[in-house]
Amino acid sequence: MNEQRCACAHCSCTVDANALQHDGKAYCCQACASGHSNSEPCRMQDCHCGEKPSENAVDNALDETFPASDPISP
């Protein structure tokens, strides 16, 4: 039997036939279905999909994505 993943973009949970349905997609919990709108955690303790990255992590990711030393494409 195929395991279906939660439709939350960063969630690592699987869902079954009893999954929460929202807009035609299956979610493991209400927090994931609402897009963690109020920073609610995922129902699974091992999953960190509802956590927002720290400001420092975002800055580091931006630096690694587009270093200032790269020339602009013509």
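A residue counts as buried when its relative accessible area is under 20%. In this predicted model, His36 has a relative accessible area of 8%, and is therefore buried. Along the sequence, His36 is found in the loop between α1 (30-33) and α2. Its surroundings can be described by its contacts: once neighbours within four places in sequence are set aside, His36 touches Cys8, Ala31, Pro41, Cys42, Cys49 and Gly50.

A step back to the whole chain helps to place this residue. The chain holds 4 strands and 2 helices, arranged along the sequence in the pattern β-β-β-β-α-α. It has 74 residues, and 24% of them count as buried; His36 is itself a buried residue. The accessible surface of the chain amounts to about 6000 Å², and carbon and sulfur atoms account for 49% of that area. As for contacts between residues at least 6 apart in sequence, 20% join residues at least 24 apart.

How far the picture can be trusted is a fair thing to ask of any prediction. Across the chain, the mean pLDDT is 79, with 66% of the residues scoring at least 70. Confidence is highest in strand β4 (residues 25-27), at 93, and lowest in helix α2 (residues 55-65), where the mean is 56. Where pLDDT is low, predicted coordinates should not be read in detail. Helix α2, with the lowest confidence in the chain, is also one of the two elements on either side of the loop that holds His36.

Key:
Residues are numbered from 1 along each chain as its sequence is written. This is a predicted model: local features need pLDDT of at least 70, side-chain atom pairs count only at pLDDT 80 or more; totals for chains, interfaces and linings use all residues. Side-chain values use heavy atoms; hydrogens and water are left out. Buried means under 20% relative accessible area, exposed over 50%, partly exposed in between (1.4 Å probe, protein chains only). Contact means heavy atoms within 4.5 Å. Accessible areas come from the Shrake-Rupley method with a 1.4 Å probe; for residues, only the protein chains shown count as cover. pLDDT is the predictor's confidence in each residue, from 0 to 100.
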